[in-house]
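Student: I would like to take one part of this protein and look at it closely, with its surroundings described in a connected way. Please go through it step by step.

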Amino acid sequence: MARVLVVDDDHTVREVVVSYLRARRHQVVEVADGEAALVAMRETPADLVVLDLMLPGISGLEVFRRLREQADVPIIMLTALGAETDRLVGLESGADDYVSKPFSPRELVLRVDSVLRRAEPGPLLPAILVDGDIEVDTTAHVATRGGRELALTAREFDLLGFLLAHPGAAFSRDDLLQQVWGWSIGDRSTVTVHVRRLREKIEDDPTRPERLVTVWGVGYRWEAS
């Protein structure tokens, strides 16, 4: 059972989502705007946030940014916009998942459970992982390149650590969703976005990666130095 904050200005949407989440025995707090969401998180932090992208007042993306400043809480974005570019905005910002309206409440709850499972401690990796000038300290949760700390999100850190622990092995996007983040369902574009963001931080030329390489028709592989 987890504490879930639902942020949506549509009362009907909130009512349906809250009822389904409570049926799964989650504790749910619901608010209708960004200001209330920020206050709710300060007073009693949630384990996960379901956040509408289109909010009155403070935009959903701004609320997302401020929530992540408070804590690295998992966030699932909701939006009535169905365009590919709008979906990628959520993923680019670092959202854990993205659901377009109209959506199946049952599917949303499954995605909530999947993201919550990802937030649980996964299989233990070696305390220190090293490849060339990249070092990952899984205990201190610090990654460096050439002695300089890398500014990684939690998901980027998990991906880098997993790949360093499995050099030379090719993984599909489904493999990475499941094995890195524990998602039985999820948007494969999440992997694509995080791979691209990680390449920007670890590759000399992100457009011609030599470490985190693409295996055409399969997925991705870490090439050890």
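Student: Does Lys201 count as buried, partly exposed or exposed, and what is its relative accessibility?

Tutor: This is a predicted model, and within it Lys201 counts as partly exposed, at 25% relative accessibility. Buried here means under 20% relative accessible area and exposed means over 50%, so a value of 25% falls in between. The side chain of Lys201 meets that of Glu156 in a salt bridge, with 2.7 Å from N to O. Because Glu156 lies in helix α6 (residues 154-165) and Lys201 in helix α8 (residues 189-202), this pair ties together parts that are 45 residues apart in sequence. Glu156, for its part, is buried, with a relative accessible area of 0%, whereas Lys201 is partly exposed.

The helix that carries Lys201 deserves a look as a whole. Helix α8 has 14 residues and reaches 20 Å from its first C-alpha to its last, which is close to the 20 Å expected at 1.5 Å a residue. Of its 14 residues, 10 are buried, so α8 is largely enclosed by the rest of the structure. The buried positions include Val191, Val193, Val195, Leu198 and Ile202, but also charged side chains, among them Arg197 and Arg199.

On the other side of the salt bridge, helix α6 lies across β6, β7 and β8, and runs at about 110° to β7. These strands belong to an open sheet of 4 strands in the order β6-β7-β8-β9, with antiparallel pairing. β6 (128-131) and β9 (148-149) stand at the edges with a single partner strand each, so one side of each is left without a neighbour in the sheet. Strand β7 (residues 134-137) and strand β8 (residues 142-145) pair in the antiparallel sense over 4 bridges, and one of the partnerships joins Asp137 to Val142 in β8.

Helices α6 and α8 also come together in the largest nonpolar core, to which β7, α6, α7 (173-181), α8 and β12 (219-222) each give two or more residues. This core has 24 residues, and those touching the most other members are Val136, Leu159, Leu160, Leu163, Leu176, Leu212 and Trp222. The largest share, 6 residues, comes from α6. Leu160 shows how the pieces meet: leaving aside its neighbours within four places in sequence, Leu160 is in contact with Ile134, Val136, Ala143, Leu150, Leu152, Leu198 and Trp222. Among these contacts, Leu198 is one of the buried residues of α8. A second, separate core of 21 residues includes Leu53, Leu67, Ile75 and Ala95.

The bridge between Glu156 and Lys201 can finally be set beside others, since the count comes to 16 salt bridges. One of them joins the side chains of Arg24 and Asp113, at 2.5 Å from N to O. Arg24 lies in the loop between α1 (11-23) and β2 (27-31) and Asp113 in helix α5 (residues 105-119), so that pair ties together parts that are 89 residues apart in sequence. There, Arg24 is partly exposed at 47% relative accessibility, while Asp113 is buried, with a relative accessible area of 8%. Another salt bridge is formed by the side chains of Lys101 and Asp52, at 3.5 Å from N to O, and it links the loop between β5 (97-100) and α5 with strand β3 (residues 48-52), 49 residues apart. Asp52 counts as buried, at 2% relative accessibility.

How values were computed: Residues numbered from 1 in each chain as written. Predicted model: local features only at pLDDT ≥ 70, side-chain atom pairs only at ≥ 80, totals over all residues. Heavy atoms only, no water. Salt bridge = Lys/Arg side-chain N within 4 Å of Asp/Glu carboxyl O. Buried < 20%, exposed > 50% of the residue type's maximum accessible area, 1.4 Å probe, protein only. Expected span 1.5 Å × (residues − 1). Pairing = 2+ DSSP bridges. Contact = heavy atoms within 4.5 Å. Axes fitted to C-alpha atoms, helices over the stretch in contact; angles between N-to-C directions. Core = buried A, V, L, I, M, F, W, Y, C linked by side-chain atoms within 4.5 Å.
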